[in-house]
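Let's take a walk through this one together, starting with the overall build and ending in the core.

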Amino acid sequence: MAYVVTDNCRGCRYTECVTVCPVECFHVDEKMTYIDPENCIDCGGCVPVCPVGAIEPDYRLAADKKFWIDVNRKRAAETPVLAARLPPLPGADARRQELGR
Amino acid sequence: MARTTVVGACPHDCPDTCSILTTVEDGKAIAVRGNPDHPFTRGRLCVKVNNYEERVYSDKRVLHPLKRVGPKGSKQFQRISWDEAIETIATRWKSIIATDGAQAILPYSYLGTQGIINGLNVGDPLFNKLGATVSERTFCDSGSCTAYMMTIGPTPGVDPESFVHSKYILLWACNTLGTNSHHWPFIEQAKKAGAKLVVIDPVRTRTARLADWHIPIRPGTDAALALAMMHVIIKENLVDRDYIDKHTVGYDELAERVSTYTPEFAAQETGIPVEDIVKLAREYATTPPAVVRIGVAVERHAGGGQTVRAIACLPGLIGAWKHVGGGLLQLPIWAFPVKWEVLMRPDLQPEKMRVLNSWRLGSALTGELGFDPPIKALFVYNANPMAMVTEQAKLEQGLEREDLFTVVSEHFLTDTARYADIVLPATTQLEQKDIMFSWGHLYLSYNNPAIEPLGEAVSNTELFRRLAKAMGIEDLSFYRTDDEIIEASLDWTNPVLQGITLEDVKAKGYARLTMPSADDWAPHREGNFPTPTGKCEFKSTITGGGNFVVPLFRQGYNGDQDGTPVDALPHYIPPNENPQTTPALAKRYPLSLITPKSHAFLNSNYGNLPAQTAQAGEEQSVFLHPDDAERRGIVAGAPIRVFNDRGAFEAFASISPDVMPGVVMAPSGYWHRSNRKGATVHALTPPAYADLGRAPTFSDVLVQVGKL
């Protein structure tokens, strides 16, 4: 089991999640972050710090979001570990407002 | 909507004692999260506690007193009033006391909640006053504590936060990421600064996977490794002679003792290659600051006590204590100035009491122990023995006794509560007030109640006030309010509480004990061990009375101790059950079973709740090495039976090279209902005590596994 980064991270990528993750399980590309399910210890610390509510535990994902489990696994294997917070993507704050967060 | 945030503390029997922020909306708790300001919690809870509000509002909660209306164990109950429940209990107890004597009453509890006022000792004054049978609770670290006392005394040891300064970290029988995860960031920081992380564990755990070196070890053989490390350190003159001369006793005898524990001997016992044992000893002795963190599992076999004796000698031998971030971490609980006597009230005890150890509940209830008077009344709180205790078949038989009057105070109808005559509704941590020690860091915590109690649930403190009143106890100390007990439970004049007021802790939720900073504190740089000699005792000076259980674990009673003679020097006691020591038994039962904590349960807590079972796995699984599985024709996911002469349980096979060949791992904490055969892993574990402190021998058990 693991936590999963989903849609809301795209176009925002605030990366607050890395500040709380104890096991460096966040990976990153130019669009968003991904959780390595092999390293995630299910502590859930990243959930409340994400400004756009993008992170959920895999066992509670809605059916139409389940595909993110595979996306996180695959992309975490292909992308580098994110060691420290990055500046949010341009337009992140506008998107955050759009998401009603 | 009125939304507030209430600061509290996690109630569980875990070293991390997290600071919890509960969001409350119109009197209802809607979310919990880790306190981002707390230096150890750092904004995270864990897989067990993240959904705590779901535990609180679970539709399975027991919210009113119940009385049994069907056969024992049938789960047929009827709601009654608190008055009727208390009246029934008091009437029955008084009648038992009149006919059989108070010893026929047995309390049974542990750390289902570990707050200072609602936890370990909350019922002790009442049962001490009644003169009931003493419950000797050696569930966790009791053997380790006896051994620790015998070696370096009740010292907090290395500050867990000082690990950031360590250069060699040895996690011994400790899956930090699974059961102590808030310690991990300190270890990781050390790693980033160049520390080497070594994990000694029969299983390649999550923690072992992130280590620089994982050393798999046969269960129950750890003392052989520690003794052989000392052999190498002494033989190769890697000792700190100056530290030994100034701050230890018994070095010459220790040197002579370990001369026979060669790496070759240890290799044979542990399954670790000779060259790895030598390398480990050399690296440990020559990479200061070196620190050892022992987990609770290290004691759970025949020689568990002497294992901790041997490990506790290591830092003294190399002078590791001289450095910040060097030494040993066992339980920093010893730093907290708790007035245990005030909580336990041993002064109320009759001179002579009868003692029953936690692992003998089954044979006590069946009458096999020959108790006279027999146990006629059982009072269970903060515990679920049917799921977590040895002698499961006997226990079930005992709990079915028609003449046994069983009361269980609980959140849920657990495997134990279903056998009760009376079930009482207990509050969860969000509904009660408490002050908390920690056995994994140096912060005192305060748990403010976040919500009103649900239904008619009451805290343990209130439960025992009601019982005391019904039993006609006049002593006013039994009727103190929670605030009064909190105030009285700590020695506020102790230097570690200097500058800390109750009001501050209450408002902020926590306070670091007033101790030197983790960045420049080496607690035993100048010796000052809290032992009779003030030194690290390689040769213990307190073995004269033989084996004992620390009175804290036995209601403060120090009579009728085990007393088995104890060798004052550390030594190797082979497992009771393993292929080397019991080859005949191993022919029938060739696999060593270990039963670590499940990923998402805290002992049997959460074994019934959807969020945690979803994350732990809905049903009991058993992990086998691919070679062991193949030999038995077992494929992944297959239903299997695990058995020995004591019992059997059923499970699903998980096949993984992460467990050593010859070892099977069955995570504990599942309830009977999640097992196909209606038994838990403890149907197979032995009632035998470890050598010291009557610790359990859960990791010292041979089994066979077969396809179903």
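**Overall build, then the core**

Chain B has 708 residues, for which a compact globule would have a radius of gyration near 27 Å; the chain comes in at 24 Å, which agrees. That radius is taken over C-alpha atoms, and the globule rule is 2.2 Å times the number of residues to the power 0.38. Keep in mind that this is a predicted model, where local features need pLDDT of at least 70, side-chain atom pairs count only at pLDDT 80 or more, and totals for chains, interfaces and linings use all residues. Residues are numbered from 1 along each chain as its sequence is written, while chains are lettered from A and ligands numbered from 1 in the order in which they are written.

Along its principal axes, the C-alpha trace of chain B spans about 70 × 65 × 55 Å. Of its 708 residues, 61% count as buried, meaning that 20 or more other C-beta atoms, placed from the backbone, lie within 10 Å of a residue's own (12 or fewer is exposed, in between is partly exposed).

So what sits inside? In the largest nonpolar core, 217 residues, those touching the most other members are Ile35(A), Ile105(B), Ile169(B), Leu170(B), Trp172(B), Leu227(B) and Met229(B). Such a core is a set of buried Ala, Val, Leu, Ile, Met, Phe, Trp, Tyr and Cys residues joined through C-beta atoms within 7 Å. Its largest share, ten residues, comes from helix 8 (residues 222-235) of chain B, helices being DSSP runs of H or I, at least four residues, numbered from the N terminus. A second, separate core of 30 residues includes Ile655(B) and Val705(B).

Technical notes: Helix = DSSP H or I, 4+ residues; strand = E, 2+ residues; numbered from the N terminus.
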